[in-house]
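Hello,

Here is the structure I promised to pass on. Please open it next to this email; my notes follow below.

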Amino acid sequence: MSCAYEVNDLRSALNLLKTVPGQLTECDEPVEPLAELCGVYRYVGAGGTVKRPTKIGPAMIFNRVKGHPDARVAIGVLASRRRVGLLLGEVPEKLGYLLNRAVNHPVDPVVISAEKASCREVVHYASDPDFDVRRLVPAPTNTEEDAGPYITMGMCYATDPETGEGDVTIHRLCLQGKDEISMYFVPGARHLDVFRKKAEDAGKPLPISISIGVDPAIEIAACFEPPTTPLGFNELSVAGGIRGRAVELAPCVTIAEKAIANAEYVIEGELLPGVRVAEDQNSHTGKAMPEFPGYTGPANPSIPLIKVKAVTHRKNPIMQTCIGPSEEHVNMAGIPTEASIIQMVDRAMPGRLQNVYCHSSGGGKYMAVLQFKKLMPSDEGRQRQAALLAFSAFSELKHVFLVDEDVDPFDSNDVLWALNTRYQGDVDTVFLPGVRCHPLDPSQNPDFSPSIRDNGISCKVIFDCTVPYAQKERFQRAKFMELDPKRFVPELFPED
């Protein structure tokens with residue numbers, strides 16, 4: 001793979017992509033950030049659970065964004081698994097293993113002086129009379145129905161007010177006013193929500209920085225969740241483990257917090273105690289923005305609020321964004337989940353799990369394919385134990401497909417072939433009803449089925465498409481000659 005060690009911020013990531021044909025395209029046509037920008041990229045490279053027609057395509061830079069003459073917008077940087085591998089220096093099929101190594105060998109972030117922080121090249125204070133975060137940050141809307149402009153790739157950094165431990169996560173952030181941003185927390189799923197509640201219980205605001213446009217390793221690492229990274233584990237150290245060097249933080253200008261030093265933008269603010277707003281208070285559509293399952297999420301009627309204190313940025317900044325249900329979300333959410341599953345299953349039964357893929361159709365969260373190798377007769381049944389461990393590794397997982405070592409978990413047709421030739425529904429389906437999953441799946445609602453007691457509860461399912469160990473000989477695939485096709489058609493098999 002290419003030289004991932006050369007990548008340490010968004011600009012170096014984009015420069016690397018420019019060297020690889022088909023991985024980055026630029027647009028000089030003026031584009032409206034409200035709905036139009038994402039409407040264009042839907043066709044170019046969104047993929048994921050986006051309504052068809054869409055496809056996996058290059059990342060894209062919009063050089064002329066209406067209303068923002070000094071800024072550009074990058075989208076889809078991580079919307080291809082091959083591109084993620086390129087940016088992290090690993091083959092796409094082994095990215096879960098790379099992240100597993102990184103989480104087991106973390107490198108803690110370091111703090112550098114403010115003078116060395118490129119994110120502070122330009123500073124705008126909220127106390128200035130003409131300050132407006134909506135004019136400073138070219139945040140787009142995904143659709144015309146969105147509650148407002150959203151920051152979808154903001155690395156939110158805050159500190160536990162009791163322990164002093166910092167952490168970073170990604171949240172749904174809607175620009176509500178000239179100095180106000182709403183922040184959505186999935187119930188019980190993010191460490192920053194614990195920090196916020198501790199500060200709120202004490203009647204104090206929680207200082208928070210939002211870093212936008214950073215090293216892709218940080219964006220991937222920020223998506224780890226418990227139990228792999230429990231409370232007190234700073235996911236920035238995983239990004240350090242990926243790169244083999246510490247992520248650099250810098251002090252903020254107006255709050256007692258830190259931000260990612262080479263970010264394109266940093267928004268500084270405070271989560272206000274006891275203050276809530278309706279997420280769609282400006283649009284009144286009842287909708288928030290498109291989320292990873294492919295549907296537009298409902299606007300939250302009561303959501304915490306950030307009071308913005310300052311915006312800092314690099315000269316000629318590049319705003320980074322993504323489409324909510326795109327392949328970008330699949331990779332950011334799914335690859336850390338793969339690492340979490342690998343870690344948990346390998347601890348319980350070393351050598352059996354061959355690979356994991358958190359499938360695009362589940363947005364990287366709802367569906368995983370586990371490639372499992374039965375080494376001896378007593379391994380029969382262990383594949384289902386591995387599936388149960390996968391559910392433990394990631395609570396939002398809904399469906400697990402189990403396949404043998406001769407099935408490619410990344411090839412949906414191969415997985416469906418196993419389903420059609422190695423699976424019988426009455427004996428190979430395991431139902432786990434009444435288990436907490438994720439509230440953004442519209443089928444996990446009492447209105448969908450009277451068996452569901454509360455929004456976000458699901459029937460989790462294991463599809464065991466593995467061959468019984470005693471019958472492995474009978475299920476051998478047709479054996480083709482193994483050879484190197486490059487000798488015959490080199491143009492079809494370029495070097496990575």
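What share of the 496 residues in the protein is buried? The figure is 57%. Please keep in mind that this is a predicted model.

Overall build

The secondary structure comes to 12 helices and 23 strands. The radius of gyration is 23 Å. A compact globule of 496 residues would come out near 23 Å, so the protein agrees with that expectation. Along the principal axes, the C-alpha atoms fill a box of roughly 75 × 55 × 40 Å. The protein exposes about 20800 Å². Carbon and sulfur atoms supply 52% of that area. Now take the contacts between residues at least 6 apart in sequence: 73% of them join residues at least 24 apart.

The five-stranded sheet

One sheet is open and has 5 strands. Their order is β19-β20-β21-β23-β22, and the pairing is mixed. Which strands sit at the edges? They are β19 (353-358) and β22 (429-436), each of which pairs on one side only. On average, neighbouring strands of this sheet are turned by 15 degrees against each other, with direction ignored. At the β19 edge, 5 bridges join the strand to β20 (residues 367-372). These two strands run antiparallel. Within that pair, Asn 355 stands opposite Gln 371 of β20.

Strand β11 and its partners

Is strand β11 (residues 206-212) enclosed or open? It is largely enclosed by the rest of the structure, because 6 of its 7 residues are buried. Strand β7 (residues 154-159) is joined to β11 by 4 bridges, and the two run antiparallel. Here Cys 156 has Ile 210 of β11 as its bridge partner. Strand β14 (residues 265-277) is also antiparallel to β11, with 7 bridges between them. In this pairing, Ser 211 stands opposite Val 266 of β14. As a reminder, strands of a sheet pair through backbone hydrogen bonds, either parallel or antiparallel.

Cysteines

How many disulfides does a search of the whole structure find? The count is 0. Cys 223 is in no disulfide; its nearest cysteine sulfur belongs to Cys 322 and is 9.3 Å away. Cys 223 is buried, at 18% relative accessible area. Why does Cys 27 form no bond with Cys 38? Cys 38 holds the closest cysteine sulfur, but that atom is 13 Å from the sulfur of Cys 27, so the gap is too far for a bond. A disulfide needs the two sulfur atoms within 2.5 Å. Cys 27 is buried too, with a relative accessible area of 17%.

Leu 34

Leu 34 lies in the loop between β1 (24-27) and α2 (36-44). Is Leu 34 buried, exposed or partly exposed? Its relative accessibility is 45%, so it counts as partly exposed. Leaving aside residues up to four places away in sequence, Leu 34 touches Thr 141 and Pro 149. Gly 148 is 114 residues from Leu 34 in sequence. In space, their C-alpha atoms are 8.6 Å apart.

Over to you.

Best wishes

Conventions:
Residues are numbered from 1 along each chain as its sequence is written. This is a predicted model: local features need pLDDT of at least 70, side-chain atom pairs count only at pLDDT 80 or more; totals for chains, interfaces and linings use all residues. Side-chain values use heavy atoms; hydrogens and water are left out. Two strands pair if DSSP finds at least two bridges between them. Axes are lines fitted to C-alpha atoms, for helices over the stretch in contact, and angles run from 0 to 180 degrees between N-to-C directions. Buried means under 20% relative accessible area, exposed over 50%, partly exposed in between (1.4 Å probe, protein chains only). The radius of gyration is taken over C-alpha atoms; the globule rule is 2.2 Å times the number of residues to the power 0.38. Contact means heavy atoms within 4.5 Å. Accessible areas come from the Shrake-Rupley method with a 1.4 Å probe; for residues, only the protein chains shown count as cover.
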